[in-house]
Amino acid sequence: MATSTPSPLVLFDGVSLGYGDFTVLREISLRVLPGQVVALMGGSGSGKTTLLRAVTGQLVPQKGTVRVFDQDMARLQGETLRQVRQRMGVLFQAGALFTDLNVFENVAFPLREHTCISEHQIFERVLDKLQAVGLRQAAHLRISEISGGMARRVALARAIVLEPELLLFDEPFAGLDPISLGITAQLIRTLTSQLGCASILITHDVVESFAIADQVYLIGQGRFVANGQPADLQASDDPYVQQFLQGRPDGPIGFHYPDTPAFERWLAGKGRP
């Protein structure tokens, strides 16, 4: 008996995204299924964070549809938008931890804000999530007393404490030493499987991302230039793909930020030709 394919948690259908009259990305289509780790990769300024903003409903598409949990994000506002966002966990690039709270209270914060569970339940769940990231015994420490790699793991524990259906990671490997990097990558893969959620990574890290990702989308020149399983991209002969994966200085990936109407207006306002 054939098994049905699960419905995507995130679906982009012919989406164009931008700011004002500047379009960053065009004709973007992607699917993220439960249990998948999906990596969004590309050079700086290519539009990776713009995609994440569309997923969370911070940015309305210029064209096309963004559906999350089978809801059109452009139509949500107020309480309905808040309820959808509550089903997501976000790991910000800088961690965004509260420096005046200890490790335990940082992870407990979403539970206190968004649930009515008892203090005993909060205690048990926070320690459970800290155990998952290897920091149960650091619960009492202040943020100033832990390393950068440990802080990233605390932020990960906080992102999963509400046991979300969708995890969003903005550069989760940035600034980590090789050991912390490997641990964080495996934690993302393990937690995605354990929670039965989906994870979307915005990342530049090819090696660690390819080791855990089910699907990779490579962004360049305002569109997806390639997508598929990591092995598909490694076998690609597309010059853009190979330049990015090999880190070559010469190729179709430009170094300079593209010209935009907003820049031209700013330049004209300065009296420059």
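**Figure 1. Packing around helix α3 in the predicted model.** The buried residues of α3 pack against two other helices, α4 (119-132) and α5 (148-160). Helix α3 covers residues 103-114, and its buried members are V103, F104, N106, V107, A108, P110 and L111. The N-terminal end of α3 is capped by N102, which places a side-chain oxygen 3.2 Å from the backbone nitrogen of F104.

**Figure 2. The largest nonpolar core and a second, separate core.** In soluble globular proteins, nonpolar side chains tend to be buried together. The largest nonpolar core of this model has 38 residues, and V126 and L130 have the most contacts inside it. At least two residues of this core come from each of α3, α4, α5, β7 and α6. Helix α5 gives the most, with 7 residues. A second, separate core has 34 residues, among them L30, V68, M88 and Y217.

**Figure 3. The surroundings of L130.** Which residues does L130 contact when its neighbours within four places in sequence are left aside? They are V103, V107, L135, R136, A139 and A157. Of these partners, V103 and V107 are also named among the buried residues of helix α3.

**Figure 4. The open sheet of 6 strands.** The strands follow the order β6-β7-β8-β3-β9-β10, and their pairing is mixed. The edges are formed by β6 (88-91) and β10 (223-228); each has a single partner strand, so one side of each is left without a neighbour in the sheet. From one strand to the next, the twist averages 15 degrees. Strands of a sheet pair through backbone hydrogen bonds, either parallel or antiparallel. Strands β7 (residues 166-170) and β8 (residues 198-203) run parallel and are joined by 5 bridges. Within this pair, L168 has I200 in β8 as its bridge partner. Helix α6 (residues 178-195) lies across β3 (37-42), β7 and β8, and runs at about 155 degrees to β8.

**Figure 5. The hairpin of β1 and β2.** Strand β1 (residues 10-19) and strand β2 (residues 22-32) run antiparallel, with 7 bridges joining them. Opposite G18 stands T23 in β2. The hairpin leaves 2 residues between its strands, and G20 in the turn has a positive phi of about 60 degrees.

**Figure 6. R189 in helix α6 and its partner D214.** Is R189 buried or exposed? Its relative accessibility is 17%, and R189 therefore counts as buried, the cut-off being under 20%. The side chains of R189 and D214 are joined by a polar contact of 3.0 Å. Apart from residues up to four places away in sequence, R189 touches G35, V37, I212 and D214. The C-alpha atom of R189 is separated by 30 Å from that of V24, a residue 165 places away along the chain.

**Figure 7. S209 in helix α7.** Helix α7 comprises residues 206-212 and includes S209. With a relative accessibility of 0%, S209 counts as buried. Its side chain makes a polar contact of 3.4 Å with the side chain of T203. Beyond residues up to four places away in sequence, S209 touches A39, M41, F173 and T203.

**Figure 8. Two loop residues with a positive phi, F69 and E171.** Most residues other than glycine have a negative phi, and most peptide bonds are trans. F69, however, has a positive phi near 55 degrees. This residue lies in the loop between β4 (63-68) and β5 (71-72), and at 10% relative accessibility F69 counts as buried. For E171, phi is positive as well, near 50 degrees. E171 belongs to the loop between β7 and α6 and is buried, with a relative accessible area of 9%.

**Figure 9. The cysteines C116 and C197.** A disulfide is a covalent bond between the sulfur atoms of two cysteines. The model contains 0 disulfides when sulfur atoms must lie within 2.5 Å. C116 is exposed, with a relative accessible area of 83%, whereas C197 counts as buried at 1% relative accessibility.

Note on methods:
Residues numbered from 1 in each chain as written. Predicted model: local features only at pLDDT ≥ 70, side-chain atom pairs only at ≥ 80, totals over all residues. Heavy atoms only, no water. Pairing = 2+ DSSP bridges. Helix = DSSP H or I, 4+ residues; strand = E, 2+ residues; numbered from the N terminus. Axes fitted to C-alpha atoms, helices over the stretch in contact; angles between N-to-C directions. Contact = heavy atoms within 4.5 Å. Buried < 20%, exposed > 50% of the residue type's maximum accessible area, 1.4 Å probe, protein only. Polar contact = N/O pair within 3.5 Å; in protein donor to acceptor, adjacent residues only side chain to side chain. Core = buried A, V, L, I, M, F, W, Y, C linked by side-chain atoms within 4.5 Å.
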